[in-house]
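User: Hey, I've got this protein open and I'm not sure where to start. Could you walk me through a few spots?

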Amino acid sequence: MDIERTWPRITLPLAVAVAMTAPVAHARGGWPLALTWLQLAAYAVHQYEEHGRGAFKAYANRLYGDGREVLGDRAICVINTAGVWGIDSLAFAAACLWGPGAGVTAVYLSLVNAVSHIAGAVRTREYNPGLWTAMGVFVPLGGYTLAELGSLGFVSPFQHAFGALVSIAIHAGIVAHVMRNRAAHTG
C-alpha cells in the first residue's frame with residue numbers, strides 16, 4: 001500500500017476515534033484539555049475535505065503550477081501526518097504535562113489554516129478544498145477554544161506567541177515548498 005496516496009482514507013475514522021476519546025481528555029484535565037484534543041478531530045475532518053479525493057493537490061497544482069506538479073503526494077503526506085498529527089499530538093502531550101496553555105499551538109494551527117483558506121478564497125474568488133471546514137469547524141472551534149483557554153487564564157503571552165509563530169512557520173514552509181517547485185518548473 002502506498003501511504004503517500006492512501007493516508008487520507010483514515011482521516012474520518014481518525015476524527016471519530018479522537019472525538020470518542022475526548023471524554024478521557026476531559027476526565028484527565030477538564031474541558032480545556034478536551035478542547036485541545038478535539039483540534040485533532042477537527043483537523044482530520046478538514047483533511048478529508050482537502051485530500052479525500054485529491055482535490056487540494058489538483059487545486060494547488062492548477063493554481064500555482066499551471067497544471068504541473070508543485071505539490072506532490074509525498075509532501076502532502078508529510079505535511080499532514082508529521083506537520084498536523086504530529087504537532088497536534090505534541091501540543092496535546094504538552095498540555096497534559098504542563099497545563100492547557102502549553103497545547104495552544106494545536107489551536108493556532110487550525111486558526112492559521114482557516115485564515116489561509118479564507119484569504120485564498122477572497123483572493124481567487126473561488127472555493128478551495130478545505131474552505132468549508134475552515135469556516136465551519138476551525139473558526140468556531142478554534143475561536144471558542146482560544147477564548148475559553150484565555151478567559152480561564154491558561155495561556156501566557158509567550159504560549160500565544162509560540163503557538164502562533166510555530167503555526168505560521170509551518171504554513172510559510174508549505175508556501176515556500178510550493179514556490180520553490182514552481183520556480184524549478186519555470187526556470
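**Loops, helices and rings**

Analyst: Sure. Let's begin with Asp-66, which is found in the loop between α3 (55-65) and α4. Keep in mind as we go that this is a predicted model.

User: OK. Is Asp-66 buried or exposed?

Analyst: Asp-66 is exposed, with a relative accessible area of 57%. Its backbone is worth a look too: Asp-66 has a positive phi of about 50 degrees, although it is not a glycine.

User: Why would anyone point out a positive phi?

Analyst: Because most residues other than glycine have a negative phi.

User: Got it. What about Arg-125, what's its phi?

Analyst: Phi of Arg-125 is near 60 degrees, so that's a positive value in a residue other than glycine. You'll find Arg-125 in the loop between α5 (104-124) and α6. Arg-125 is exposed, with a relative accessible area of 78%.

User: Let's switch to helices. How do α2 and α6 sit relative to each other?

Analyst: Helix α2 covers residues 11-51 and helix α6 covers residues 131-151. Their axes come within 10 Å and cross at roughly 170 degrees. An angle over 145 degrees counts as roughly antiparallel, and that is therefore how α2 and α6 are arranged.

User: Which residues make that contact?

Analyst: On the α2 side they include Trp-31, Leu-35, Leu-38, Ala-42 and Val-45. On the α6 side, among them are Leu-131, Val-137, Phe-138, Leu-141 and Leu-149.

User: And how many of the contact residues are nonpolar, polar or charged?

Analyst: The residues where α2 meets α6 divide into 15 nonpolar, six polar and two charged.

User: Thr-36 is in α2, right where I'm zoomed in. What does it touch?

Analyst: Setting aside neighbours within four places in sequence, Thr-36 is in contact with Phe-92, Ala-95, Pro-100, Gly-103, Ala-106 and Leu-149. Thr-36 is buried, with a relative accessible area of 2%. Its side chain also reaches the backbone oxygen of Pro-32 at 3.0 Å.

User: What about Leu-33, buried or exposed?

Analyst: Leu-33, also found in helix α2, counts as buried at 3% relative accessibility. Leu-33 and Phe-92 are 59 residues apart in sequence, but their C-alpha atoms are 7.6 Å apart in space.

User: What else does Leu-33 contact?

Analyst: Leaving out residues within four places in sequence, the contacts of Leu-33 are Ala-25, Arg-28, Phe-92, Ala-95 and Cys-96.

User: New topic: how many aromatic pairs are there?

Analyst: A search of the whole structure finds five aromatic pairs. One of them is Trp-7 with Trp-85, an edge-to-face pair with 5.9 Å centre to centre and 80 degrees between the planes.

User: Where do Trp-7 and Trp-85 lie?

Analyst: Trp-7 lies in the loop between α1 (3-6) and α2, while Trp-85 is in helix α4 (residues 73-98), so the pair ties together parts that are 78 residues apart in sequence. Trp-7 is buried, with a relative accessible area of 2%, and Trp-85 is buried as well, at 16%.

User: How are the rings of Phe-158 and Phe-162 arranged?

Analyst: Those two are stacked, because their ring centres are 6.0 Å apart and their planes are at 25 degrees. Phe-158 and Phe-162 are four residues apart in helix α7 (residues 157-186), which means about one helical turn separates them.

User: Are those two rings' residues buried or exposed?

Analyst: Phe-158 counts as exposed at 61% relative accessibility, whereas Phe-162 is partly exposed at 45%.

User: Last one. What does Asn-80 touch?

Analyst: Not counting residues up to four places away in sequence, Asn-80 touches Trp-7, Gln-47, Glu-50, His-51 and Trp-85. So both members of that edge-to-face pair are on the list. Asn-80 lies in helix α4, and its side chain reaches the backbone oxygen of Ile-76 at 2.8 Å.

User: Is Asn-80 buried or exposed, and how far is it from Pro-8?

Analyst: Asn-80 counts as buried at 5% relative accessibility. Asn-80 and Pro-8 are 72 residues apart in sequence and 9.1 Å apart in space, going C-alpha to C-alpha.

Methods. Residues are numbered from 1 along each chain as its sequence is written. This is a predicted model: local features need pLDDT of at least 70, side-chain atom pairs count only at pLDDT 80 or more; totals for chains, interfaces and linings use all residues. Side-chain values use heavy atoms; hydrogens and water are left out. Axes are lines fitted to C-alpha atoms, for helices over the stretch in contact, and angles run from 0 to 180 degrees between N-to-C directions. Helices (H or I, at least four residues) and strands (E, at least two) are DSSP runs, numbered from the N terminus. Angles under 35 degrees count as roughly parallel, over 145 as roughly antiparallel, 65 to 115 as roughly perpendicular and the rest as oblique. Contact means heavy atoms within 4.5 Å. Ala, Val, Leu, Ile, Met, Phe, Trp, Tyr, Cys and Pro count as nonpolar, Asp, Glu, Lys and Arg as charged, and the others, Gly among them, as polar. Buried means under 20% relative accessible area, exposed over 50%, partly exposed in between (1.4 Å probe, protein chains only). A polar contact is a pair of N or O atoms within 3.5 Å; within protein, one must be able to donate a hydrogen and the other to accept it, and residues adjacent in sequence count only if both atoms are side-chain atoms. Rings of Phe, Tyr and Trp (its six-membered ring) pair if their centres lie within 6.5 Å; planes under 30 degrees apart count as stacked, over 60 as edge-to-face and the rest as tilted.
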